[in-house]
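Open the model in your viewer and keep the selection box at hand. Each stop below says what to select and what is there.

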Amino acid sequence: MKTLIDHGLLLTVDNGKIIPDGSVIIDDGVISYVGESVQDKTGFDRYIDARGGIVMPGLINTHTHSPMTLLRGCGNDLALDEWLNHHIFPLEDKLDDEAVYYGTLLGCAEVIASGTTAFADMYFFSESSAKAVLEAGIKANISRCVTGTHNDYKKRLSEARQLFKDYHGAGKGLLKIEHSAHAVYTCSREAIRAVAEAAQEDGTGIHIHLSETMKENRDCYSKNGKSPTEIMRDLGVFNVRTNAAHCVYLSENDMDILKRYDVSVAHNPTSNLKLASGVANIKEMLEKDINVSIGTDGAASNNALDMFAEMKLSGLLHKGMRLDPKLIPAQTALEMATVKGAKALGREKETGMLKAGLRADIIILDADAPCMIPVNDPVSAVVYASAGGQVVTSIINGRIVMENRELKTLDIEKIKFGIMQARKRMGL
Ligand SMILES: [Zn+2]
């Protein structure tokens, strides 16, 4: 199968290269050419006319809990502690396999429709999430989240390891299974160490929450005399590729540890603002050359999964906080949402740029829309002016999953019905 995407404005994210009138050729799911518009347009199975469009790599959401679409709008305007313990955890106790399956499908529909082609997901009933992701045809790093203060973590970890055996690499690599220790405040040291050892044995990565709130940090220091980052390091978590969400309260020493172990940070500005957790010191992390990517967090704390909104906020928030308009330029925000996300997911040899040899994870934006005209600067158009609704076509692993805003792999009416039934079972 050979596809030609032709006459688009190519935003490659490959060393900032932009091609005003270019072609991308996809050969069996792999990008084989990125350059000026080709003269010979014969020999292709499929021709996509991208005139008036911006062609770019799909965005990568490095921290979410996609089934939480079911809980969208539950428990607003609260601090994390109260939100989690009094609103979210009681509702999550009522979830079942089918609810998580439809919640993940809804999450996949939302993220595909807003230009995301890969995401990192941490939750439970994860086999249902894996099935939904394969059905959607999107890329995901899924982990069965381990929590537990005593021996209760063992059953959860054994489910996580079974998930790894059954689904790692499924869908020709669409799925990666990672391991996950939820956070220092929900896991015993023993649980965290066991997760770290499992990831090392399975040869996979780890997804964690780290220093999300001031309370988490204070409690951790008073209980252990160490920061959450030091605890995670001491228990061996950082010996494998780690994707650490939030990182709002890092000391200078914590940042040095993350850099030394090449830990990626998933910046979740909307969730951190909504739960009043604070604002991560992204300026200092970037100065230390830490790999900072972007996540939406779950739909219960965002409340959307639109990576364009998150990319824009990541570009603006720190300028305002630090009174420095040069902080996180649009190109940096774009890289955080693409190529740096690919590294966080261990997929840097596979995705994150328009480049020959990488898999074809490509989105096309309507640059003819009123909010985009005129495209004086394509990067600023994408980062500051666009929204997820501007994405018209999405291609993952060479397969078209959305064309002219129509989802090709998912039946949204079936998903809505499944969500409605799940909500009834949960008493919502
Ligand atoms: Zn989270």
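**Stop 1: Ala276**

Select Ala276. It is exposed, because its relative accessible area is 66% and the cut-off for exposed is over 50%. The model is a predicted one. Ala276 sits in the loop between α9 (269-274) and α10 (282-287). Look at its backbone: phi is positive, about 50°, although Ala276 is not a glycine. Most residues other than glycine have a negative phi.

**Stop 2: Asp262**

Go next to Asp262, in the loop between α8 and β12. Here too phi is positive, near 55°, in a residue other than glycine. Buried, exposed or partly exposed: how does Asp262 count? It counts as partly exposed, at 39% relative accessibility.

**Stop 3: strand β11 and its neighbours**

Select residues 242-246, strand β11. How many of the five residues of β11 are buried? Five of the five are, so the strand is largely enclosed by the rest of the structure.

Add residues 206-210, strand β10. β10 runs parallel to β11, and five bridges join the two. To find the register, pick Ile206: it stands opposite Thr242 in β11.

Now add residues 264-267, strand β12. β11 pairs with β12 over three bridges, again in the parallel sense. Here Asn243 stands opposite Ser264 in β12.

Then show helix α8, residues 252-260. With β11 and β12, helix α8 makes a β-α-β unit, and the unit is right-handed.

**Stop 4: the zinc ion**

Select the zinc ion and show its donors. Which residues coordinate the zinc ion? They are His63, His65 and His209, each through NE2, and Asp297 through OD. The distances run from 2.1 to 2.5 Å. Angles among the four donor atoms span 83 to 171°, and the site is irregular. For a sequence search, the spacing of the donor residues is H-x1-H-x143-H-x87-D.

Keep His65 and His209 selected. This pair links distant parts of the chain, 144 residues apart. His65 lies in the loop between β6 (59-64) and α1 (80-92), and His209 lies in strand β10. Both His65 and His209 are buried.

**Stop 5: helix α11**

Select residues 307-322, helix α11. This helix has 16 residues. From first C-alpha to last it reaches 23 Å, close to the 22 Å expected at 1.5 Å a residue.

Start at the N-terminal end. What caps α11 there? Asp306 does: one of its side-chain oxygens lies 2.8 Å from the backbone nitrogen of Phe308. Then colour the helix by burial. The buried residues of α11 include Met307, Phe308, Met311 and Leu317, and also Glu310, His318 and Lys319. Step just past the helix to Leu323, where phi is positive, about 50°.

**Stop 6: two cis peptide bonds**

Most peptide bonds are trans. Select Asn302 and Asn303: a cis peptide bond joins them, with omega about 5°. Asn303 belongs to the loop between β13 (292-294) and α11.

Then jump to Ile373 and Pro374. The peptide bond from Ile373 to Pro374 is cis, with omega near -10°. Where is Pro374? It is in the loop between β14 (362-366) and α14 (378-385).

**Stop 7: strand β1**

Finish at residues 2-11, strand β1. It is mostly covered: nine of its 10 residues are buried.

Add residues 18-27, strand β2. β1 and β2 run antiparallel, joined by seven bridges. They form a hairpin with six residues between them. In the turn, pick Val13, which has a positive phi of about 60°.

Next, add residues 46-49, strand β4. β1 and β4 pair in the parallel sense over four bridges. Thr3 stands opposite Arg46 in β4. Last, add residues 53-57, strand β5. β5 runs parallel to β1, with two bridges between them.

End on Leu10. Which residues are its bridge partners? In β2, the partner of Leu10 is Ile19; in β5, the partner of Leu10 is Val55.

Key: Residues are numbered from 1 along each chain as its sequence is written. This is a predicted model: local features need pLDDT of at least 70, side-chain atom pairs count only at pLDDT 80 or more; totals for chains, interfaces and linings use all residues. Side-chain values use heavy atoms; hydrogens and water are left out. Buried means under 20% relative accessible area, exposed over 50%, partly exposed in between (1.4 Å probe, protein chains only). Two strands pair if DSSP finds at least two bridges between them. A crossover is right-handed if, with the strands pointing away from the viewer, the path from the first strand over the helix to the second runs clockwise. Donors are N, O and S atoms within 2.8 Å of the metal (3.2 Å for Na, K and Ca); water is not among the atoms, so sites may look incomplete. Four donors count as tetrahedral if all angles lie between 85 and 135 degrees; four count as square planar and six as octahedral if opposite donors are over 155 degrees apart and all others between 65 and 115; anything else is irregular. The expected span of a helix is 1.5 Å times one less than its number of residues. A polar contact is a pair of N or O atoms within 3.5 Å; within protein, one must be able to donate a hydrogen and the other to accept it, and residues adjacent in sequence count only if both atoms are side-chain atoms.
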